[in-house]
Amino acid sequence: MRIYSLSNLGIAKKLPLKNCIFNPMTHTDKMLRGGSLAEKVIVVTGGGSGLGKAMTSYFLELGAKVAITSRKIEKLEATAKELKESTGGECFAVACDVRHYEQVEQMHQQVSDHFGPIDVLLNNAAGNFISPTENLSSNAFDTIVDIVLKGTKNCTMVFGKHWIKTKQKNVNVLNIITTYAFTGSGYVVPSATAKAGVMAMTRSLAVEWSKYGMRFNAIAPGPFPTKGAWDRLLPGPLLKKFDPSKKVPLGRVGDHQELANLAAYMVSNFGGYFNGEVIVLDGGEWLKGAGQFNMLEKIPKALWSILKKAMLKKK
C-alpha cells in the first residue's frame with residue numbers, strides 16, 4: 001500500500017476528494033501544516049549554520065519568530081538575512097558565547113526585548129575534536145565540555161529561572177545530543193562526556209521542572225552531514241574511507257528536513273505529551289554498531305598528526 005498526502009491541506013480539505021491532487025510522500029517532505037508554530041518565539045543556539053540553520057528555516061516557515069545565536073555576528077546576520085528572504089519570517093541575530101553565563105543573560109534580554117516572551121529554547125551549539133584522547137590537551141577537552149555541557153546548562157538556567165519567575169507556562173527545551181551520549185565512543189571522548197551530561201540534565205529537569213509548565217526533551221541524531229562540520233571531522237580521504245552511510249542499516253545518511261520535521265513536531269503543541277524523552281533519529285546506526293567513531297581505531301598512529309593539521313586547516 002502507498003501512503004499519500006494532500007498537496008495543500010488548507011485548500012484540498014475544502015474540495016471534493018475527486019478534485020484533490022495527491023503527491024506521494026518522501027522522507028524529505030515537510031511534515032507539519034502551515035502555522036503550526038505561529039506566535040511561538042524560539043531561540044536556537046548555534047543557529048547560524050548546519051543543522052541549526054535547517055531547523056530555524058523550517059520553524060520560520062511554520063510561523064515562529066526565531067532568534068539565532070553564536071559567537072560570530074557577521075555569520076549570524078548573513079544567515080538571518082538569507083532566511084528572512086527565503087521564508088518571509090522574522091529572524092533575529094544575537095551574538096552570544098554560551099560558555100559565559102552573563103552573555104547568555106544578555107542574549108535572553110535582547111531576544112525578549114525584540115520579540116517578547118520566549119516559548120522554546122533549542123540547545124544546538126556544539127563543538128568537537130576527533131582525536132585519540134591521549135593527544136588532547138586539558139584545554140582542548142575543557143573547550144568541548146564548556147560549549148556543550150556548560151553552554152547548555154547556562155542557557156537552560158537563564159531561561160528556566162526566568163520562566164519560573166514570570167510563571168510562563170507551555171514552554172519547552174529541546175536539546176540536540178548524539179547516540180554516543182548513551183553508548184560512548186572512542187576518539188570523541190570530550191563530546192561524548194558532555195552530551196551524556198546534557199542527556200542526564202534533560203531527563204532530570206523533565207521531572208523536577210514539569211510542575212512549572214516546562215517540558216524537556218532531546219534528539220539524538222545519527223549521521224546528518226553538513227559541509228563545514230564533516231569536512232573538519234573527516235578531512236580528505238577519511239570521509240570516503242569511513243563513509244557514514246555504510247554504518248546505517250538503511251544505507252543512507254539523514255536529510256536535514258527529517259531532523260527539522262522532528263524538531264518542529266517536538267517543540268510544537270502537537271508534541272505536548274513528550275517529556276523527558278530522547279528520540280533517536282539515526283536509521284538504526286547505533287543498533288548496528290555502538291560508538292559512532294569507534295571505527296577510527298583502524299587509523300595508524302603515525303597518521304593522526306597529519307590528520308590534525310588537515311582538520312586545523314578546515315577551521
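Which residues does Thr-156 touch, not counting residues up to four places away in sequence? In this predicted model, the contacts of Thr-156 are Leu-121, Asn-123, Lys-161, Val-173, Met-201, Leu-205, Trp-209 and Phe-216. Thr-156 belongs to helix α5, and it counts as buried because its relative accessibility is 3%, below the cut-off of 20%.

## The chain as a whole

The chain contains 12 helices and 9 strands. It has 315 residues, of which 48% count as buried. Among the contacts in the chain with a separation of 6 or more, 75% join residues 24 or more positions apart.

## Four residues and their burial

The table lists the relative accessible area of several residues, together with the resulting class.

| Residue | Relative accessible area | Class |
|---|---|---|
| Cys-91 | 4% | buried |
| Cys-96 | 3% | buried |
| Pro-221 | 7% | buried |
| Lys-150 | 36% | partly exposed |

Lys-150 lies in helix α5, which runs over residues 138-166. Leaving aside residues up to four places away in sequence, Lys-150 touches Val-98, Arg-99 and Val-145. The C-alpha atom of Lys-150 is also 8.3 Å from that of Ala-194, although these two residues are 44 residues apart along the chain.

Pro-221 is found in strand β8. Its contacts, again without residues up to four places away in sequence, are Ile-176, Ile-177, Thr-178, Thr-179, Leu-259 and Leu-281. Pro-221 and Ile-176 are 45 residues apart along the chain, yet their C-alpha atoms are separated by 7.6 Å.

The cysteines raise a further point. How many disulfides does a search of the whole structure find? The result is 0 disulfides. For Cys-96, the closest cysteine sulfur is that of Cys-155, at 5.9 Å, which is too far for a bond, since a disulfide requires the sulfur atoms to be within 2.5 Å.

## Helix α4

Helix α4 comprises 15 residues, numbered 101-115. From its first C-alpha to its last it reaches 21 Å, close to the 21 Å expected at 1.5 Å a residue. The buried residues of α4 are Val-104, Met-107, His-108, Val-111, Ser-112 and Phe-115. They cover an arc of only 130 degrees around the axis, and therefore lie on the same side of α4. The elements that cover these buried residues include β3, β4 (65-70), β5 (90-95) and α5. Just after α4, Gly-116 adopts a positive phi of about 95 degrees.

## Helix α10

Helix α10 consists of 12 residues, 256-267. At 1.5 Å a residue it should span 16 Å, and its end C-alpha atoms are 17 Å apart, which agrees. At the N-terminal end of α10, Asp-255 acts as a cap: one of its side-chain oxygens lies 2.9 Å from the backbone nitrogen of Gln-257.

Why is α10 described as largely enclosed by the rest of the structure? The reason is that 10 of its 12 residues are buried. These are Gln-257, Glu-258, Leu-259, Ala-260, Asn-261, Leu-262, Ala-263, Ala-264, Met-266 and Val-267. Their cover includes the helix α2 (50-61) and the strands β3 (41-45), β6 (120-123), β7 (171-176), β8 (214-221) and β9 (278-281).

## The nonpolar cores

In soluble globular proteins, nonpolar side chains tend to be buried together. In this model, the largest nonpolar core has 31 residues. Those with the most contacts inside it are Leu-37, Ile-42, Met-55, Phe-59, Val-66, Ile-68 and Ile-219. Two or more residues of this core come from each of β3, α2, β4, α3 (73-87), β5, β6, β7 and α10. Of these elements, α10 gives the most, with 7 residues.

Val-66 shows the surroundings of one such core residue. Not counting residues up to four places away in sequence, Val-66 touches Ile-42, Val-44, Thr-56, Phe-59, Leu-60, Glu-90, Cys-91, Phe-92 and Phe-115. Apart from the largest core lies another one, of 26 residues, including Phe-92, Val-94, Phe-115 and Ile-118.

Notes. Residues are numbered from 1 along each chain as its sequence is written. This is a predicted model: local features need pLDDT of at least 70, side-chain atom pairs count only at pLDDT 80 or more; totals for chains, interfaces and linings use all residues. Side-chain values use heavy atoms; hydrogens and water are left out. Helices (H or I, at least four residues) and strands (E, at least two) are DSSP runs, numbered from the N terminus. The expected span of a helix is 1.5 Å times one less than its number of residues. Buried means under 20% relative accessible area, exposed over 50%, partly exposed in between (1.4 Å probe, protein chains only). Contact means heavy atoms within 4.5 Å. A polar contact is a pair of N or O atoms within 3.5 Å; within protein, one must be able to donate a hydrogen and the other to accept it, and residues adjacent in sequence count only if both atoms are side-chain atoms. The arc is that of the directions from the helix axis to the C-beta atoms. A nonpolar core is a set of buried Ala, Val, Leu, Ile, Met, Phe, Trp, Tyr and Cys residues joined through side-chain atoms within 4.5 Å.
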